[in-house]
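User: Please go through the labels given to this structure and say what each one rests on.

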Amino acid sequence: MIGSLVVGFVFLVVLEFLVIISFVGQRLWNHPQLMHDLTFTLPLILWVVIAAVVIVTVLRVITSWLQIDEEGFQLRSLFRRTRNVRWDEVGQVIAARDIDRGATAAEMLDAPETAYDGVYVLNRQGRRVLAVSSRFFGPRAQEMTLHRAREAGVAIEHIDAITPAELMRQAPQAMSFVDRHPNLLLLLLLVFYIGHNVLTFAVWGL
């Protein structure tokens, strides 16, 4: 939860600092072109869109609630469609203790040593229906997932160490696009924020 709030603050405030100080410092809410000229209003529109996306994403993460029992599991949160899956719909569970992504900027939080990097629940078609990542769930949720899956007779594959490329070859549907290409996502975000700040400087100045 703390990590989500910190990341949200960085994306909403730190990376948008030029936009905020330019808007507030010049008191642009009184400017006659605001809301009347699209080009002049565009930096503000983009900031509002970013704020909405960040707030929705943070609320979706921090309100995630996973219920696991002998029948199956239910995952729900704000801004997310509730997912209900029975254990008889599950084909396999992959428990990867260490997914070696290297020293990348995407690894903002270190997982506890006792946790799995990821516990991936796949349906009978090999598609992921649940990812109990150490970045969003604690060791208790991961252990309970494995315990209930074992009780239900679901095949569990334990992996001590694996790279994302190897995991993707072994279970193509286990990892999301963000898991597969974290650095690409960060690069796209960086380019967007640079472009937004350059646009802000060009349109509003300082």
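Analyst: The answers below take the labels in turn and set values against cut-offs. This is a predicted model, in which local features need pLDDT of at least 70, side-chain atom pairs count only at pLDDT 80 or more, and totals for chains, interfaces and linings use all residues. Residues are numbered from 1 along each chain as its sequence is written, and side-chain values use heavy atoms, with hydrogens and water left out.

User: Why is Asn-197 called buried or exposed, whichever applies?

Analyst: Buried means under 20% relative accessible area, exposed over 50%, and partly exposed in between (1.4 Å probe, protein chains only). Asn-197 has 14% relative accessibility, so Asn-197 counts as buried. The residue lies in helix α7, residues 182–204; helices are DSSP runs of H or I with at least four residues, strands are runs of E with at least two, and both are numbered from the N terminus.

User: What makes the surroundings of the Asn-197 side chain polar contacts?

Analyst: A polar contact is a pair of N or O atoms within 3.5 Å; within protein, one must be able to donate a hydrogen and the other to accept it, and residues adjacent in sequence count only if both atoms are side-chain atoms. A polar atom of the Asn-197 side chain lies 2.7 Å from the backbone oxygen of Tyr-193. The backbone oxygen of Leu-15 lies 3.2 Å from a polar atom of that side chain of Asn-197.

User: How do you know that Glu-70 and Arg-148 form a salt bridge?

Analyst: A salt bridge is a side-chain nitrogen of Lys or Arg within 4 Å of a carboxyl oxygen of Asp or Glu. For Glu-70 and Arg-148 the N to O distance is 3.8 Å, and the side chains meet in a salt bridge. Glu-70 is in the loop between β1 (65–68) and β2 (72–77) and Arg-148 is in helix α4 (residues 139–151), so the pair ties together parts that are 78 residues apart in sequence.

User: What makes Glu-70, Arg-148 and Glu-151 a network?

Analyst: Arg-148 also meets Glu-151 in a salt bridge, at 3.1 Å, N to O. Salt bridges thus link Glu-70, Arg-148 and Glu-151 in a network. Glu-151 and Arg-148 both lie in helix α4, three residues apart, about one turn of the helix.

User: How many salt bridges does the whole structure hold?

Analyst: The search finds four. Among them is the pair of Glu-89 and Arg-86, at 3.4 Å, N to O. Glu-89 has a relative accessible area of 32% and is therefore partly exposed; Arg-86, at 48%, is partly exposed as well.

User: Which residues form the nonpolar patch, and what makes it a patch?

Analyst: Patches are made of residues with over 30% relative accessible area and no salt bridge; like charges are joined within 9 Å, nonpolar side chains (Val, Leu, Ile, Met, Phe, Trp, Tyr) within 5 Å. The nonpolar patch consists of Phe-177, Val-178, Leu-184, Leu-187, Leu-188, Leu-190, Val-191, Ile-194 and Val-198, with about 820 Å² of accessible area together. Areas come from the Shrake-Rupley method with a 1.4 Å probe, and for residues only the protein chains shown count as cover. Helix α7 gives the most, seven residues. Leu-187 has 47% relative accessibility, so Leu-187 counts as partly exposed.

User: Why is Leu-189 called partly exposed?

Analyst: The relative accessibility of Leu-189 is 28%, so the label is partly exposed. Leu-189 is found in helix α7.
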